[in-house]
Amino acid sequence: MSEVKSEALEQRSEGDIGRVLNGKASGVLINQTSGLSGSGTNIVIRGLNSITGSNQPLFIVDGVQFSSDTNTNGDFVDGNSGSSRFLDLDPNNIESVNVLKGLVMTTLYGSLGRNGVILITTKSSSTNKGPKKNEVTITQSYFNNEIASLPDYQNKFGNGFDQSYGLFFSNWGPGFYQDGLGGWGDPNSGIASDATIAHPYDRASLADAFPEFSGARLPWKPYDNVKDFFRTGHVSNTSVNFSGTSDDGKVSYNANYGHLNDIGFTPGNELTRNNIGIGGRAILSNKFTISGTFNYSRTDFITPPVAASQGSGVVGDGSSIFGDVFYTPRSIDLMGMPFQNPLTGGSVYYRSDNGIQNPRWTAANSYSKQITNRVFGNTAIQYSFNENLNLIYRVGLDFYTERNEVAQNRGGVTGNPLGSYRTFDNNRTIWDHNLVLNGDYDLTEKIGMTFNLGATSNRRTYDRQGVNSENQLVFGVLRHFNFTEQSPIQFYEEQNIIGLYGQAEIDYNNYVYLTLAGRNDWVSNLINNSIFYPSASLSFIPTKAFNGITSDNGLNFLKLRAGYGTSAGFPEGYPTSSILRLNSRTFLNGSEPVPGITSATELGNPDLKPERYDEVEIGFETKFLKNRVSLDVSYYNRNTKNLITDRPLPASTGFLFTQTNIGRVQGTGYEIDLGIDLVKNDNSGGFNWSINGNFTQNETEVKELTSDSQIIVYSGFTNLGNAAIVGQPLGVIVGNAIQRDENGNYVVNSIGNYIEDPNLSVLGDPNPDWVLNVGNTIKYKNFNFNFLISYVHGGDIYSETIATLLGRGLTTDTENRLNTFILPGVNESGGVNDFQINASGYYFDNLFSGPDEMRIFDASVIRLQEISLGYEIPKNG
C-alpha cells in the first residue's frame with residue numbers, strides 16, 4: 001500500500017486527481033490521452049491483467065464506490081475527447097489517498113477491486129476529531145498554462161516537393177535562401193525573381209469572397225505558424241474549507257467549496273469545475289454513531305476535435321485541431337490569412353483545392369463539450385454493542401448525468417462537410433449497500449484477534465439517450481431543428497453484484513500477524529455467476545520480537561511480509577445472450593422509413609466464465625537512522641486465467657464474434673519506495689530537505705491462448721495494433737515489418753525503397769522496462785519548494801506524429817535533404833543495396849508511408865513532472 005497525503009495533492013496546476021497522483025506511488029502508471037485540459041486519464045496498477053476487460057483501478061471515496069468512467073466521444077482514430085469522471089473530484093478537498101496494489105489487500109472489495117483500489121478520504125468525511133473550535137481555511141493558486149514542447153521545426157525550406165514550390169501538403173520545396181543548391185534562386189524553383197509567391201487565396205473559387213487577394217503576392221519566407229497558433233492559458237484554483245468540533249469531541253462537521261477554471265493552451269479548450277462538499281459525524285448517547293457526506297460537482301469541459309491526421313487531412317471521419325496545425329508547411333502564414341469564407345462561413349486554406357481544413361476554422365466552428373452534474377455521498381449508522389463489537393450499515397450513492405454535445409458547422413472539409421450536431425446524455429447510477437460486523441478481542445495476554453463479517457449489494461446502471469443530426473440548413477445555428485436528418489441514440493445496461501465476505505486477523509504479541517479473508521460474489525449478467533476468492537497473509541516484525549537488534553543510529557524497524565490473494569473479473573453487458581435490435585428506420589422505401597428487426601453482431605455464450613486472478617506477494621518494510629530513512633520493497637507474481645476475449649465467427653453463423661474464455665497471462669514485478677530526510681531540523685522554521693523516490697519494474701507475459709490461435713489482435717486494426725501472443729509481453733505492437741532475407745538483412749526493391757513483409761510481425765513492446773520517480777521537498781521558515789522528476793526507461797511507441805513530421809520535411813532532422821541516401825540492406829537479387837534515393841524518398845516514401853516498422857521509436861523519456869514554490873502565511877493566535 002502507498003499513501004499520498006493532502007500536502008502532495010493540494011494547490012497543484014492539475015485539477016485531475018489522477019494526474020496529480022502521477023509519480024507519487026510505485027507500481028502505478030498514469031497516462032493522459034492528450035495535453036488538453038480536462039482530457040481523459042488512464043491509470044494502471046501493476047500492469048495489464050486483462051485483454052478486453054477494464055484495467056482501471058476501483059475508486060472508493062469515503063468508503064463507497066465512485067465511478068471513474070471515461071465515456072468516449074469517438075475512438076482513437078476519430079479522437080476520444082471525453083473526460084475521466086474522477087475529474088469531478090476536487091484534490092483540495094482530499095485528506096489522503098491510499099493505493100492498494102496487491103490482491104491480498106483488495107479481496108474484500110470483490111471483483112471490482114481486481115485492478116487495485118484507490119481509497120480516497122475527503123475532508124468532508126470528518127471521521128477524525130478536529131479542533132475544538134470553528135476554523136476557516138482559504139487557499140488560492142494561479143498558474144500559467146503553456147504547451148510544454150514543440151517539435152524542432154526547421155526554417156530553411158518551404159512548401160513544395162523536391163526543391164520545387166507548390167501548394168502541397170509537404171515541406172520539401174526550395175530553400176528560403178537565394179543562391180546555392182536548393183535555393184529559391186534556381187530557375188526551376190517556382191519562386192519569382194523578387195522572392196515572392198502568389199497569394200494562396202488568389203484563385204477563381206475565392207474571387208468573390210476575397211477580391212482583395214486578386215493578384216496579391218506574399219514574400220517567400222518562413223513563419224513561426226505552429227507556435228503562434230497556441231496561447232498562454234491559465235489555471236485558477238480556489239478552495240474554502242470550514243470545519244469544527246464540539247467541546248466534548250462527539251460532534252464534528254466539515255464543509256468545502258472549490259472552484260477551478262482552467263483555460264487550456266489550445267484555442268477552444270476550457271475546463272470549469274465547481275465542488276461543494278459537506279459532512280459530519282455524531283456520537284450519540286445510546287451507543288449509536290451516525291455519519292454522512294454529501295458532495296455535488298459541476299464540471300464543464302469543451303475542446304476542439306482531436307482526430308488522427310497524417311498532414312493531408314484526418315485518417316477517419318472526424319476533424320483534427322492538432323494534426324492540421326503541427327503539419328503546417330513553414331511558408332504558410334497560418335495566423336495572417338483569413339480562415340473563414342465571409343460568404344458561406346466555410347473553411348478556407350492554402351491548398352488550391354481547399355483539400356485541408358484550416359485549424360483556426362476548426363477551433364471556431366467545431367467542438368466537443370461535456371457538462372456533468374454529479375452527486376455522491378454516503379450515510380452510515382454504527383451500533384456499538386460494547387467496546388469490542390460493533391455493527392455498521394452504510395449506503396452510498398454515486399449518480400451523474402453527463403450532457404455531451406458534439407458539433408461542427410457546415411463548410412468544413414473533414415467530418416461532415418454539410419454539418420453535424422450530436423447531443424446525448426450519459427446517466428450513471430451506483431447504489432452501494434454494506435452491512436458489516438466488526439470485532440476486536442484479546443484472546444489471551446499475547447494473542448489478539450480482529451475480524452469483520454459483511455454482506456454487500458452493488459447495483460450499477462448506465463443509460464445513454466440522444467439524437468444525432470446531419471445536414472445543417474443555416475450556418476451557425478447548432479440546434480436539431482436546423483438539420484434535415486435525425487437518428488436516435490439509445491443504449492442501456494445494468495449489473496448487480498451481491499457479495500458475502502469475511503476477514504480475521506490474529507496477532508501474537510504484536511509481532512506476528514496472520515490474516516485470512518474470503519469473499520463470494522454473485523453477478524447478474526452471467527449464468528456461471530458465482531465465484532469464491534480467498535486470501536491469506538503473514539507478517540513478522542523482528543524488531544519487536546528480538547530485543548537488542550535496534551538502535552537509534554542503526555535499524556529502527558523491520559517488517560517481513562508474504563501473502564496470497566485472488567479476485568475475479570466479470571464482463572459487462574449481456575454476453576450470454578444473443579440480442580435482437582429494433583430499428584424504426586432500417587431503410588427507406590422511397591421517402592418512407594421501413595422498420596426492421598436485426599440480430600446483433602455478437603453471439604451469446606451461456607458457458608462464459610469470469611476471469612480469475614491469483615497473486616503471490618512478498619516484501620519488507622524497514623526504517624533506520626532515527627527513522628530518517630525508510631524503505632519498502634515488494635515482489636509479486638500474478639496470474640490471470642480464463643481470459644475473456646472476442647473470438648471471430650464465420651459469416652454462416654449470422655454473427656461476427658462471440659465472447660469466450662482463453663489462456664493465461666502472468667505478471668511479475670518489483671516495487672521499491674524510498675524516503676530520506678536528508679536534512680532534518682526539529683526547530684520551527686528550520687531548514688528541512690526530504691527526498692522520496694519510487695521504482696517500478698513490471699512484465700506481463702502471455703503464457704497460453706487457445707489451441708487454434710497463438711495471436712489475438714485486440715486493439716487497433718487487424719493489421720496494426722496491440723496483440724496477445726504466446727511467449728510475448730501482453731500488448732506488443734504488431735504490424736508490417738521490413739522484409740528480410742534468410743540472413744536477416746533488410747530487402748530493398750528496384751527503386752531503392754524497403755519492401756514490406758506481408759505477414760504480421762511483432763514490432764515492439766509498449767511496456768516500459770522500468771520507471772523511476774524522485775521527488776524533493778525543501779522547507780525553510782514559511783517557504784516550501786517541491787519538484788518531481790520522472791524517468792521512463794525502455795518501451796516502444798508507434799508514432800504517426802513523428803513519422804508525419806519527418807515525412808513532410810518539417811523538422812530540423814530533415815535539413816540534410818540535399819544529400820542522397822542509401823538504405824542499408826540487400827537488393828532482391830541478394831547483393832548489397834547501392835541504389836541512391838533523395839531525402840523525400842527516404843523520409844516520405846519509407847519512414848512515412850513505408851512498412852509500419854519504420855514508425856517504431858524508443859519511448860524512454862525524462863520529465864520534470866512538477867515544480868512549485870509556496871509560502872504559508874503565519875497563523876495569528
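**Exercise 1. Place Lys544 in its surroundings.**

Solution. Start with exposure: Lys544 has 48% relative accessibility and therefore counts as partly exposed, where buried means under 20% relative accessible area, exposed over 50%, and partly exposed in between (1.4 Å probe, protein chains only). Before going on, note that this is a predicted model, in which local features need pLDDT of at least 70, side-chain atom pairs count only at pLDDT 80 or more, and totals for chains, interfaces and linings use all residues. Residues are numbered from 1 along each chain as its sequence is written, and side-chain values use heavy atoms, with hydrogens and water left out.

Next, find the element: Lys544 belongs to helix α6 (residues 542-545). Helices (H or I, at least four residues) and strands (E, at least two) are DSSP runs, numbered from the N terminus. Then list the contacts (heavy atoms within 4.5 Å): leaving aside neighbours within four places in sequence, Lys544 touches Asn510 and Tyr511. Finally, take a distance: from C-alpha to C-alpha, Lys544 and Lys559 are 9.3 Å apart, with their positions 15 residues apart in sequence.

**Exercise 2. Which strands pair with β28, and in which sense?**

Solution. Two strands pair if DSSP finds at least two bridges between them. Take the partners in turn:

- Strand β25 (residues 602-603) pairs with β28 (residues 657-679) in the parallel sense over two bridges; Leu603 has Thr658 as its bridge partner in β28.
- Strand β27 (residues 629-648) runs antiparallel to β28, with 19 bridges; here Asn637 is bridged to Thr668 of β28.
- β29 is also paired with β28 in the antiparallel sense, over 15 bridges; Asp673 stands opposite Asn694 in β29.

**Exercise 3. Is Thr696 buried or exposed, and what does Thr696 touch?**

Solution. Thr696 sits in strand β29 (residues 688-704). Its relative accessibility is 8%, so Thr696 counts as buried. Not counting residues up to four places away in sequence, its contacts are Ser26, Gly27, Tyr670, Trp770 and Val771. With Gly27 you can go down to atoms: a polar atom of the Thr696 side chain lies 2.6 Å from the backbone nitrogen of Gly27.

**Exercise 4. Work out how helix α8 is enclosed.**

Solution. Count first: eight of the 10 residues of α8 (residues 839-848) are buried, so the helix is largely enclosed by the rest of the structure. Now name them: Ala839, Ser840, Gly841, Tyr843, Phe844, Asn846, Leu847 and Phe848. Then look for the cover, which includes α7 (800-807) and β39 (856-858).

**Exercise 5. Describe the two largest cavities.**

Solution. Set the rule: on a 1 Å grid over the protein atoms alone, a cavity is a set of points where a 1.4 Å probe fits but cannot get out, and lining residues have an atom within 4 Å of a point. Grid points are joined across faces, edges and corners, and a volume is the space filled by probe spheres set on the points.

The largest cavity holds about 100 Å³ of space. Among its 14 lining residues, Asp90, Asn93, Asn275, Asn295 and Phe376 are the closest to its centre. Two or more lining residues come from each of β13 (270-283) and β14 (288-303).

The second largest cavity has about 50 Å³ of space. Its lining consists of Val4, Leu21, Asn22, Gly23, Lys24, Ala25, Val28, Ile30 and Val99.

Definitions and conventions:
Polar contact = N/O pair within 3.5 Å; in protein donor to acceptor, adjacent residues only side chain to side chain. 1 Å grid on protein atoms, 1.4 Å probe; cavity = no way out; pocket = protein on both sides within 12 Å on 5 of 7 lines; lining within 4 Å.
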